[in-house]
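Q: Please take a close look at the aromatic pairs in this model. I would like to know how the rings sit against each other and how exposed they are.

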Amino acid sequence: MSGEIARDRPIAIASGFRLQWEDSQEAHVLLYPEGMVRLSESAGAILSRCDGERTLDGVLDSLHEAFPGADLDADVIEFVTIALEKGWIELAR
């Protein structure tokens with residue numbers, strides 16, 4: 001995917017994927033029919049906010065509330081871009 005992410009479209013976990021906390025992994029995981037992706041703490045924090053209601057700006061606002069003073073915009077945008085390329089998340093129509 002090239003270019004900028006549409007900041008006015010809600011972001012959701014893509015169909016076929018499910019985000020959940022896995023006690024045995026002590027982490028959020030992204031489940032899909034062929035397997036599972038164990039997520040870092042920051043990836044779990046980002047994806048847990050991709051609820052189909054929040055736009056990219058809404059995700060960033062929520063993360064700023066949870067982690068005040070953190071300089072995280074560039075890292076979040078980079079991760080969201082990668083997650084879109086991998087098909088883990090999708091932009092609402």
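A: The model is a predicted one. Start with Y32, which is partly exposed, with a relative accessible area of 28%. F17 is partly exposed as well, at 23% relative accessibility. Both values lie between the 20% limit for buried and the 50% limit for exposed, so neither label applies to these two residues.

The count of aromatic pairs comes to two. In one of them F17 and Y32 are partners, with 5.5 Å from centre to centre and 40 degrees between the planes. That angle is neither under 30 nor over 60 degrees, so the pair is classed as tilted. The F17–Y32 pair links distant parts of the chain, its members being 15 residues apart. F17 belongs to the loop between β1 (11-13) and β2 (18-22), while Y32 is in strand β3 (residues 27-32).

The other pair is made by F79 and W88, again tilted, with 6.4 Å between the centres and 55 degrees between the planes. Here F79 is buried, with a relative accessible area of 16%, and W88 is buried at 13%. Both fall under the 20% cut-off, so this pair has two buried members.

Back to the strands around the F17–Y32 pair. β2 and β3 run antiparallel and are joined by five bridges. They form a hairpin with four residues between them. At the hairpin, E22 stands opposite A27 in β3, and E26 in the turn has a positive phi of about 50 degrees.

Terms used: Residues numbered from 1 in each chain as written. Predicted model: local features only at pLDDT ≥ 70, side-chain atom pairs only at ≥ 80, totals over all residues. Heavy atoms only, no water. Phe/Tyr/Trp six-rings, centres within 6.5 Å; stacked < 30°, edge-to-face > 60°. Helix = DSSP H or I, 4+ residues; strand = E, 2+ residues; numbered from the N terminus. Buried < 20%, exposed > 50% of the residue type's maximum accessible area, 1.4 Å probe, protein only. Pairing = 2+ DSSP bridges.
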